[in-house]
Each structure stands twice: as C-alpha cells, then as structure tokens.
Amino acid sequence: MERMVLYPGCLVLSRFHEYETASRRILKKLGIEVLDMEEFCCCGSSLVPGVRDDWINLPAYSLARAESLGVDILTLCGSCTNTFLRTNLLLEREPQFLERANSCLEKLGLRYNGRTEVRHILEILADGVDEIRESVVNPLNLKVALSHPCQIMRPSEIVGKQNPLNFKAMREIVTALGAEVVDYPEEQDCCGSAVLLCNKAMALEVGRRKLESAMKAGAEMVSVCCGNCLLLLDRHQSQMELKNEEKRIPVVSLPQIIGLALGFPRDEMH
Amino acid sequence: MGIDVPQECDQCMRCADCCIISKMDGHSIASELNELAEDGAWNCASCWRCIEVCPQRVDIFGFMMRRRREEEVPELIRKGIEGVLNKGFWFGDIQFNEIRESYGLSAVRLLGREKVAVLMDEEEGGL
C-alpha cells in the first residue's frame, strides 16, 4: 500500500473539515495509507517570502518530516503546494540555503536531503480517475462549473510536472462522476482569495464575477480543489454583492462531490 | 521609488492583460514594472499567470517579493505571520481539535514557539 503524509495546511485543518474528511476517505478507497504530521508547522505560503529571507526553513521543516518517514507529502491547498515545490527547487539550486536550513533542522533532530516529492490531492485523484469512474454508485445529475487550484499549475518552472495551462484534470474527474461540466469565461481565472487579507472588497469582487459568470452559464454548483478557493467562494459568498441576492450557488470541494457519487455517507461529505 | 525594474522587461503588457487584479482596475505586474503603483505588490493573487505569458522570462516572483518588502505589510498578513512565528500556525484561534474530533479527524499538535524559533532567525526580524 502506498503511503503519504497529509499536509492539510492551516486553513483546511482548522476550517474545512469536510474537505479533509472526504480527501482521507477517497485516498483510502484508492489504496493510499495516509500518515499524519507529528508536529504541524505552517508552510509560510507565498506571503512570508515577501517579508523574511529565512522563510524557506518553514517549508523545509515539513519536507524534512516527510522525508524522515520516507514518504511523499500530500497537500490540499494550492498555496502550500506551490510553496513546497518552490522550496524543493530553491534548495536544489542553492546548496547554501539547504545547508542553512539543515543547521536549524538538526537542532530539531531532522535533516533534509531534498528527496520529498510534493503531490496535491488533484494529482492523486487524476491518477485514480478510472477507479473513481468504476466506483460511482450515485451518478451526479448536476451542471458543475470548475474553479481550478491555479497555484498547482503555475508557474511551470516550479510545477514542472504538467503543462501549466492544462486544466483537464478536474474536468475529467467531474465528468467521470456523471456530472455535466459547464464552461464559463472566467473558469481559468484565479478565484482571488489571496487578496482577501489586504483588499477584501477587491477579493469579493473577483469572486463575485466568477460565481455570477458560472451561474449565468447554467451551473448549479461550483467545484474547487483548494482551501483558499473554499474560503473566498464559499465562506465569503454571502458578503458578495451578487446581482440576484436570493440566489446562491453551492461551492463544494472535489473530494466531497466524489464522495457523494461514490456513496459515502452524506453527512460526512458536507 | 527606487524600484529595481528588471531590464529584461520590454513593457509588452501581456502580464497586465491576463491579470485578474488588473481587470478589477487594481494594480498589475505591468503597473508595478512601470512604477505606476505605489502600494500594490501585496494586492497580488499569486496565481502567476503573468509568469507564464512573459516572453522575456522576467523573474516576476522575485520582483514582487522585493517590492513587498518595500511596502508596509498589510495588518492581517502581519498578524498571520506573527502567528506563524509564535506557534507555527497562521490563525489566532487554535481551539480546532474539538471540532476535528467531531469529524473523526485526529488532533493536530502545533510545532510551537520554541521550535519555530529554532527554524527562524529571530535577529532577522523582518516584521
């Protein structure tokens, strides 16, 4: 059985329990054993590098933890994924950073050799799409718009693994669940969640444009695969000035809708 | 302003054309590169579409991080980073294990201030 250590990130571990629960259940279904981080530390996201030079020691800690277990690190948010991938690349290119990180990590009984692979949940689900398709017991008779976790796809220099403009993974999975994917012009735009902390009005406007466009295209649900997208498009939706205030659209993580299609208990999936 | 504009940038504006913040009439990488924005590097969604479309392969990530250090850190981001330095966790509220338990999720133990201090050079400060 393949093993991975789950890195839910600050946001998901404290606020999006349904997303984490559904992810764990589906990983188990796909034959992946999920291990927990012994002591959790924020990855620093893309925000800490804008303030401090030693930011890289934060993600290096979690990568070292996973390496000590001999497993890949599994992420649920785009920003954590991007940060870990950037860290791996930087530590490989700049050995002095790795040396400096290890001088700190060794005081915690850890050492990092740059061997931890970073994998976002969407990548695992895409690999398992055939098994997911074959396991569907409740086909989703829904029109679903997609909002992609953009930070796992860009920039290509960091992500490397796939074409950064390849947005097929979510589409293929949602289609496999029996749902109809609805196209809309803003599908490939970032949700804007990262701006919430410095310009809330602007973030809400980015989110509003996206959701209204999806609704106009006929979507009955928006599916996401990142805690940041959930934070803006779901938790802050009630604060957006949607044209039709009566109308709201459910925003649900991809693992949750997979869970519904696979017949997992509904109360665990939402 | 003393902005260190990368010489490779030929101001083709492709970065601005694909930027969601630019669509909101906010800043864009192009406006930063053209010194049109005084206080905008934190108003970036970090989606890095601009990096993909830049024909000159400007180090936009590095540029934005340098610009951010020239600006005041927004209050909520400052609080988040203080949380990370104090306990290894972005948010102020850390009473999440009870609700995790109700979902059948295992308790999470944070790295904590002392161990985070080992990772981060306190003398560097930065906030």
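Colleague: Which residue of E6(A) stands opposite A:Val144?

Modeller: A:Val181 does. Keep in mind that this is a predicted model: local features need pLDDT of at least 70, side-chain atom pairs count only at pLDDT 80 or more, and totals for chains, interfaces and linings use all residues. Residues are numbered from 1 along each chain as its sequence is written, while chains are lettered from A and ligands numbered from 1 in the order in which they are written.

Colleague: What makes strand E5 (143-146) of chain A a partner of E6(A)?

Modeller: Strands pair if DSSP finds at least two bridges between them. E5(A) and E6(A) have two bridges, so they pair. The sense is parallel. Strands (E, at least two residues) and helices (H or I, at least four) are DSSP runs, numbered from the N terminus.

Colleague: Why are E6(A) and E8(A) said to stand at the edges?

Modeller: Start with the sheet. It is open, has four strands in the order E6-E5-E7-E8 (chain A), and pairs in parallel. E6 (180-181) and E8 (251-253) of chain A have a single partner strand each, so one side of each lacks a neighbour in the sheet.

Colleague: Which strands does helix H12 (254-261) of chain A lie across?

Modeller: H12(A) crosses E7 (221-224) and E8 of chain A. Its direction is about 80 degrees to E8(A).

Colleague: What is the order of strands in the sheet with E2 and E4 of chain A at its edges?

Modeller: The order is E2-E1-E3-E4 (chain A), again open and with parallel pairing. The edge strands, E2 (32-36) and E4 (118-120) of chain A, each pair on one side only. From one strand to the next the twist averages 40 degrees.

Colleague: How do you know that strand E3 (72-75) of chain A pairs with E4(A)?

Modeller: Three bridges join E3(A) to E4(A), and the two run parallel. That count meets the minimum, so they pair. One bridge sets A:Ile73 against A:Val118 of E4(A).

Colleague: Which helices lie across strands of that sheet?

Modeller: H3(A) lies across E1 (2-7), E2 and E3 of chain A, at about 130 degrees to E3(A). H4(A) lies across E1, E3 and E4 of chain A, at about 160 degrees to E4(A). Angles run from 0 to 180 degrees between N-to-C directions, and axes are lines fitted to C-alpha atoms, for helices over the stretch in contact.

Colleague: Why is H3(A) called roughly perpendicular to H4(A)?

Modeller: Their axes come within 9 Å and cross at roughly 90 degrees. Roughly perpendicular means 65 to 115 degrees (under 35 is roughly parallel, over 145 roughly antiparallel, the rest oblique). The crossing falls in that range, so H3(A) is roughly perpendicular to H4(A).

Colleague: What makes the contact between H3(A) and H4(A)?

Modeller: H3(A) brings A:Pro59, A:Ala60 and A:Leu63. H4(A) brings A:Thr83, A:Phe84, A:Thr87, A:Asn88 and A:Leu91. Contact means C-beta atoms, placed from the backbone, within 7 Å. By class there are five nonpolar, three polar and no charged residues. Nonpolar means Ala, Val, Leu, Ile, Met, Phe, Trp, Tyr, Cys and Pro; charged means Asp, Glu, Lys and Arg; the others, Gly among them, are polar.

Colleague: Why does H3(A) count as roughly perpendicular to H5(A)?

Modeller: The axes of H3 (57-69) and H5 (95-105) of chain A cross at roughly 70 degrees and come within 10 Å. That angle puts H3(A) in the roughly perpendicular class against H5(A). H3(A) gives A:Asn57, A:Ala60, A:Tyr61 and A:Ala64, and H5(A) gives A:Ala101, A:Cys104 and A:Leu105. The split is six nonpolar, one polar and no charged.

Colleague: What is unusual about the bond between A:Arg154 and A:Pro155?

Modeller: Most peptide bonds are trans. This one is cis, with omega about -10 degrees. A:Pro155 lies in the loop between E5 and helix H8 (156-159) of chain A.

Colleague: What sign does phi have at B:Met13?

Modeller: Positive, about 75 degrees, though B:Met13 is not a glycine. The residue lies in the segment before helix H1 (14-17) of chain B.

Colleague: How many residues of chain B are in contact with chain A?

Modeller: There are 47, and they meet 46 residues of chain A. H6(B) supplies the largest share of chain B's side, five residues. That side has 30 nonpolar, eight polar and nine charged residues.

Terms used. Contact = placed C-beta atoms within 7 Å.
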